[in-house]
Amino acid sequence: MSEVRTTRTGTAAEESGPRDRHRIAVLALPGVPPFELGIPSRVFGSAVDETGEALYEVVVCTADGRPVLSDAGFTVQPAAGPEALAAADTVILPPTHAMPELARGGPLPPEVAAAIAGIRPGARLVSICTGSYVLAAAGLLDGRPATTHWNLAPEFRRAYPRVLVDEDVLFVDDGDVLTSAGVAAGVDLCLHLIRRDHGAAVTNRAARMCVVPPWRDGGQAQYIDRPVPEPTVATTTATRAWALERLAEPITLAELADHARMSLRTFTRRFRDEVGMTPVQWLTAQRLEVARHLLESSDLPVDLVAHRSGFGSANSLRQHMRTALGVSPIAYRRTFQPAPA
């Protein structure tokens, strides 16, 4: 399984209600791409509890409270100014295409620097794509792991040599500072945060509303060469669907290849081209996802969780969870099912 790049553990599930929503401020800077700007509002706005109550309050703000011009040529009218940053529990920085000086390690514009400085201590900081340049220019990524769009990683590394850049992952969770790669990886990171805050059930509901996959491993490679196959070329799609229905059973590579009616060599190559990981890594990732859901949403004994997710034994599940997530099944369950007071 691809490694989840989480160097500091996430927070426990938070209790939220109509009077205590997690406050998110999205800082729109000049030259912001509309797609990335809209990701937080769309994804977090789809996160609701079992009664349909919104769990997050998302507000778009600017550094001085005035409108900014997007890179699509239309103006973004903010709902607030920098005061929203001082009140936010999480601050999200979409990219900007109007500050070329940041690509050279130059300083932030004074009004942006002042707005960033006004973020309250303890707030969670998140960047989407080249929003990481803003965090880096503010000195908030010094000595920390981070990512950005793979195509700009060499430039980013030259401009900010103190940042521990990893361009091979979709996102990096460093506890209170999280960075994501380009465009769609921002969706992955927002869903990751919902899961960190509220668990799989809430995340799955939000993902369904947004019609996106609920989970892609943060350690999954950003840039995977996935050419669209010719209509006559077989794919592994049907075999993956077949395997997902049988995760609790032992599944060999030979059985997967046989189902796809391919040789082992062809199947393995085509699977990696389409998915970005080996069949064994993919199976492990899917089984971990099932195990995490069961640990979050049920009181099943760990042995039974291991059996239903296809790991066979509690010891095997424990080893895989420690490798991928750095925690045991019991510790993971406590995060989302704290003991009654």
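Student: What share of the 341 residues of the chain count as buried?

Tutor: Good place to start. This is a predicted model, and in it 49% of the 341 residues count as buried. The accessible surface of the chain is about 16100 Å², with 54% of that belonging to carbon and sulfur atoms.

Student: How many helices and strands are there in the chain?

Tutor: The chain has 14 helices and ten strands. As for contacts with a separation of 6 or more, 67% of them come from residues 24 or more positions apart.

Student: Let's turn to the sheet. In what order do its six strands lie?

Tutor: The general idea comes first: strands of a sheet pair through backbone hydrogen bonds, in either a parallel or an antiparallel way. Here the order is 2-1-5-6-10-9, in an open sheet with mixed pairing. Strand 2 (56–61) and strand 9 (171–173) stand at the edges with a single partner strand each, so one side of each has no neighbour in the sheet. On average, neighbouring strands of this sheet are turned by 15° against each other, direction ignored.

Student: Which helix packs on the sheet, and which strands does it touch?

Tutor: Look at helix 6 (residues 185–198), which touches strand 1 (22–27), strand 2, strand 6, strand 9 and strand 10. The direction of helix 6 makes about 150° with that of strand 10.

Student: I'd like to walk across the sheet pair by pair. How many bridges are there between strand 1 and strand 2?

Tutor: Six bridges, with the two strands paired in the parallel sense. To find the register, pick out valine 26, which stands opposite valine 60 in strand 2. Moving to the next pair, strand 1 and strand 5 are also joined in the parallel sense, over three bridges. Isoleucine 24 has threonine 90 of strand 5 as its bridge partner.

Student: And in which sense do strand 5 and strand 6 pair?

Tutor: They pair in the parallel sense, over four bridges, and valine 91 stands opposite leucine 125 in strand 6. Strand 6 (residues 124–127) and strand 10 (residues 177–180) run parallel and are joined by three bridges. Within that pairing, valine 126 has leucine 178 of strand 10 as its bridge partner.

Student: How many of the six residues of strand 1 are buried?

Tutor: Five of them, so strand 1 is largely enclosed by the rest of the structure. For strand 5 (residues 90–93), read the two faces separately: Thr90 and Ile92 are buried on one side, and Val91 and Leu93 are buried on the other. Both faces of strand 5 are therefore covered, given that buried means under 20% relative accessible area.

Student: Now for the backbone. What is notable about the phi of cysteine 129?

Tutor: Most residues other than glycine have a negative phi. Cysteine 129 is not a glycine, yet has a positive phi of about 55°. You will find cysteine 129 in the loop between strand 6 and helix 4 (131–137), where it counts as buried at 8% relative accessibility.

Student: Where is valine 183 placed?

Tutor: In the loop between strand 10 and helix 6. Valine 183 has a positive phi too, near 50°. With a relative accessible area of 38%, valine 183 is partly exposed.

Student: How far does helix 13 reach from its first C-alpha to its last?

Tutor: Helix 13 (residues 314–325) reaches 16 Å with its twelve residues, close to the 16 Å expected at 1.5 Å a residue. Glycine 326 follows helix 13 and has a positive phi, near 80°.

Student: Which residues in helix 13 are buried?

Tutor: Ala314, Ser316, Leu317, Met321 and Ala324. To judge whether such residues share a face, look down the axis: in helix 13 the buried residues fall within an arc of 155°, so they line one face of the helix. Their cover includes helix 11 (279–297), helix 12 (302–308) and helix 14 (329–336).

Student: Helix 11 also holds serine 297. How far apart are the C-alpha atoms of serine 297 and alanine 201?

Tutor: They are separated by 7.6 Å, while the two residues are 96 residues apart along the chain. Serine 297 counts as partly exposed, at 46% relative accessibility.

Terms used: Residues numbered from 1 in each chain as written. Predicted model: local features only at pLDDT ≥ 70, side-chain atom pairs only at ≥ 80, totals over all residues. Heavy atoms only, no water. Pairing = 2+ DSSP bridges. Axes fitted to C-alpha atoms, helices over the stretch in contact; angles between N-to-C directions. Contact = heavy atoms within 4.5 Å. Buried < 20%, exposed > 50% of the residue type's maximum accessible area, 1.4 Å probe, protein only. Areas by Shrake-Rupley, 256 points an atom, 1.4 Å probe, with all protein chains shown as cover. Expected span 1.5 Å × (residues − 1). Arc of directions from axis to C-beta.
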